[in-house]
Amino acid sequence: MTTKTKTKLNLQPLGDRVIVQRAEAEEKTAGGILLPETAKDKPKEGRILAVGDGKVNDKGERQKMTLKVGDRVLFTSYAGTEVKYQGEEFLIMSEGDVLAVISG
């Protein structure tokens, strides 16, 4: 997985949200055909760049986040909100929108 963050991220997600940088889309098919930008599928994989301090439960206690900075994760096509910040694109999503952590 390749990500392309060049600058230090000055965004801090709130509550149970995380900031994810989506992996780069494949440039060509398995058969070697180059794909135009409009034909590329947006990857459903990314890397966690920042995590919030956790959600507050009904008792007023803050729940610890399961995810951490650097985790490689899988998420659905419609997860999160796409934002552009300092010329780069990120996803901000709830921790619950993440389907799995990729190990190894």
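# Exercises on an all-strand chain

From the N terminus on, the elements of the chain run β-β-β-β-β-β. The model is predicted.

**Exercise 1. State how many helices and strands the chain has, and in which order the strands lie in the sheet.**

Step 1. Count the elements: the chain has 0 helices and 6 strands.

Step 2. Place the strands side by side. They form an open sheet in the order β4-β5-β1-β2-β3-β6, and the pairing is antiparallel.

Step 3. Find the edges. Strands β4 and β6 (98–102) are the edge strands, each pairing on one side only.

Step 4. Add the twist, which averages 40 degrees from one strand to the next.

**Exercise 2. Trace the pairing of β1 with its two partners, β5 and β2.**

Step 1. Begin with β5. Strand β1 (residues 17–22) runs antiparallel to β5 and is joined to it by 4 bridges.

Step 2. Name bridge partners in β5: Val18 is matched with Met93, and Ile19 with Ile92.

Step 3. Turn to β2. Here β1 pairs in the antiparallel sense over 5 bridges. Ile19 stands opposite Ala50 in β2. Ile19 thus has Ile92 as its bridge partner in β5 and faces Ala50 in β2.

Step 4. Check the burial of β1. Of its 6 residues, 5 are buried, so β1 is largely enclosed by the rest of the structure.

**Exercise 3. Describe the hairpin of β4 and β5, and find the residue in it with a positive phi.**

Step 1. Identify the strands. β4 (residues 81–85) and β5 (residues 88–94) pair in the antiparallel sense over 5 bridges. One bridge partner pair is Glu82 with Leu91 in β5.

Step 2. Look at the turn: 2 residues lie between the strands, and Gln86 takes a positive phi near 50 degrees. Gln86 is placed in the loop between β4 and β5.

Step 3. Compare with the general pattern. Most residues other than glycine have a negative phi. Gln86 has a positive value although this residue is not glycine.

Step 4. Classify its exposure. Gln86 has a relative accessibility of 48% and therefore counts as partly exposed.

**Exercise 4. Determine which strands supply at least two residues each to the largest nonpolar core.**

Step 1. List the core. The largest nonpolar core has 12 residues: Val18, Val20, Ile48, Val51, Met65, Leu67, Val73, Phe75, Ala79, Leu91, Met93 and Val98.

Step 2. Assign them to strands. At least two residues of this core come from each of β1, β2, β3 and β5.

Step 3. Recall the general tendency: in soluble globular proteins, nonpolar side chains tend to be buried together.

Step 4. Follow one member, Leu67. Leaving aside neighbours within four places in sequence, Leu67 is in contact with Val18, Ile48, Val51, Val73, Glu95, Val98 and Val101.

**Exercise 5. Say which residues form the salt bridges with Glu45, Asp53 and Asp71, and how exposed the partners are in the last two pairs.**

Step 1. Note the total: the structure holds 4 salt bridges.

Step 2. Take Glu45. Its side chain meets that of Arg72 in a salt bridge of 3.3 Å, N to O. Glu45 lies in strand β2 (residues 45–51) and Arg72 in strand β3 (residues 72–75), so the pair ties together parts that are 27 residues apart in sequence.

Step 3. Take Asp53. The side chains of Asp53 and Arg62 meet in a salt bridge (3.3 Å, N to O). Asp53 is partly exposed at a relative accessible area of 49%, and Arg62 is partly exposed at 46%.

Step 4. Take Asp71, whose salt bridge is with Lys68 (3.0 Å, N to O). The cut-offs needed here are under 20% for buried and over 50% for exposed. With 9% relative accessible area, Asp71 is buried, whereas Lys68, at 52%, is exposed.

**Exercise 6. Give the share of buried residues, the share of long-range contacts at least 24 apart, and the accessible surface of the chain.**

Step 1. Burial: 29% of the 104 residues in the chain are buried.

Step 2. Contacts: among those between residues at least 6 apart in sequence, 61% join residues at least 24 apart.

Step 3. Surface: the accessible surface of the chain comes to about 7,200 Å², and 50% of this belongs to carbon and sulfur atoms.

Methods: Residues are numbered from 1 along each chain as its sequence is written. This is a predicted model: local features need pLDDT of at least 70, side-chain atom pairs count only at pLDDT 80 or more; totals for chains, interfaces and linings use all residues. Side-chain values use heavy atoms; hydrogens and water are left out. Buried means under 20% relative accessible area, exposed over 50%, partly exposed in between (1.4 Å probe, protein chains only). Two strands pair if DSSP finds at least two bridges between them. Axes are lines fitted to C-alpha atoms, for helices over the stretch in contact, and angles run from 0 to 180 degrees between N-to-C directions. A nonpolar core is a set of buried Ala, Val, Leu, Ile, Met, Phe, Trp, Tyr and Cys residues joined through side-chain atoms within 4.5 Å. Contact means heavy atoms within 4.5 Å. Accessible areas come from the Shrake-Rupley method with a 1.4 Å probe; for residues, only the protein chains shown count as cover.
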